[in-house]
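Work through these exercises with the model open. Try each task before reading its solution.

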Amino acid sequence: MPDITTADPVASSRFYQLLGFREEMNLGWVVNLVSASNPTAQVILITQDAAAPVNPDLSVEVDDVEAAYEAVLATGAEIVHPITDEQWGVRRFFVRDPDGKVVNVVSHR
C-alpha cells in the first residue's frame, strides 16, 4: 500500500474518502484508509513517522516479519529502521529497496 506524506491529513483523508475509502485508523500523524469495496486496497497518509527517522514510501504487510527481516538482512540491503514492536500494535522494520525507496515491512501483532 502506498504511504503518502501529507502536511494536511484531514484534507487528504477527505479526498480519498471521495474515492470510496474509509478511515480504519487515525493516530493524528498517520491515517489508514481502506476501500469499502475491497479491504485489501489501502492508502496510508503520514505527516511524520512518530517512531522512525524517515517516512516510508510504501508499506508491505507480511505474515512473518521476522522471516522477512532475516531474508533482506542476508542480502545486505540497508535497514533504515530496525525491527521494532510499535505501540499501535504492529511489529515492523524499514528497508531500502534497490531503487532507493523506503519500504515499511509490517506485521500486526
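## Exercise 1: A polar residue in a strand

At 9% relative accessibility, Asn32 counts as buried. Buried means under 20% relative accessible area, exposed over 50%, and partly exposed in between, with a 1.4 Å probe and protein chains only. This is a predicted model: local features need pLDDT of at least 70, side-chain atom pairs count only at pLDDT 80 or more, and totals for chains, interfaces and linings use all residues. Residues are numbered from 1 along each chain as its sequence is written, and side-chain values use heavy atoms, with hydrogens and water left out.

Task: place Asn32 in its element and list what Asn32 touches, not counting residues up to four places away in sequence.

Solution.
- Step 1. Asn32 sits in strand β3, residues 30-35. Strands (E, at least two residues) and helices (H or I, at least four) are DSSP runs, numbered from the N terminus.
- Step 2. Contact means heavy atoms within 4.5 Å. Beyond four places in sequence, Asn32 touches Met1, Arg22, Glu23, Glu24, Met25, Gln42, Val43 and Ile44.

## Exercise 2: Aromatic rings

Task: find how Phe15, Tyr16 and Phe21 are joined in one aromatic cluster.

Solution.
- Step 1. Set the rule. Rings of Phe, Tyr and Trp (its six-membered ring) pair if their centres lie within 6.5 Å; planes under 30 degrees apart count as stacked, over 60 as edge-to-face and the rest as tilted.
- Step 2. Search the whole structure: four aromatic pairs turn up. One of them is Phe15 with Tyr16, edge-to-face, at 5.0 Å centre to centre and 90 degrees between the planes.
- Step 3. Tyr16 also pairs edge-to-face with Phe21, at 6.2 Å centre to centre and 85 degrees between the planes.
- Step 4. Check exposure. Phe15 is partly exposed at 43% relative accessible area. Tyr16 is buried at 19%, and Phe21 is buried at 17%.

## Exercise 3: The largest nonpolar core

Task: name the eight residues of the largest nonpolar core. Which element gives the most to this core?

Solution.
- Step 1. A nonpolar core is a set of buried Ala, Val, Leu, Ile, Met, Phe, Trp, Tyr and Cys residues joined through side-chain atoms within 4.5 Å.
- Step 2. The members are Val65, Ala68, Tyr69, Ile83, Phe93, Val95, Val103 and Val105.
- Step 3. Two or more residues come from each of α2 (65-75), β7 (90-96) and β8 (102-108). α2 gives the most, with three residues.
- Step 4. Take Ile83. Leaving aside neighbours within four places in sequence, Ile83 contacts Val65, Glu66, Tyr69, Arg91, Arg92 and Phe93.
- Step 5. In soluble globular proteins, nonpolar side chains tend to be buried together.

## Exercise 4: Salt bridges

Task: how many salt bridges does the structure hold? Then locate the partners of the Glu78 and Arg96 bridge.

Solution.
- Step 1. A salt bridge is a side-chain nitrogen of Lys or Arg within 4 Å of a carboxyl oxygen of Asp or Glu. The structure holds seven.
- Step 2. In the bridge between Glu78 and Arg96, the closest N and O atoms are 2.9 Å apart. The pair links distant parts of the chain, 18 residues apart: Glu78 is in the loop between α2 and β6 (79-85), and Arg96 is in strand β7.
- Step 3. Glu78 is partly exposed at 42% relative accessibility. Arg96 is partly exposed at 29%.
- Step 4. Arg91 bridges to Asp85, with the closest N and O atoms 3.0 Å apart. Glu66, Asp85, Arg91 and Arg109 are linked in a network of salt bridges.
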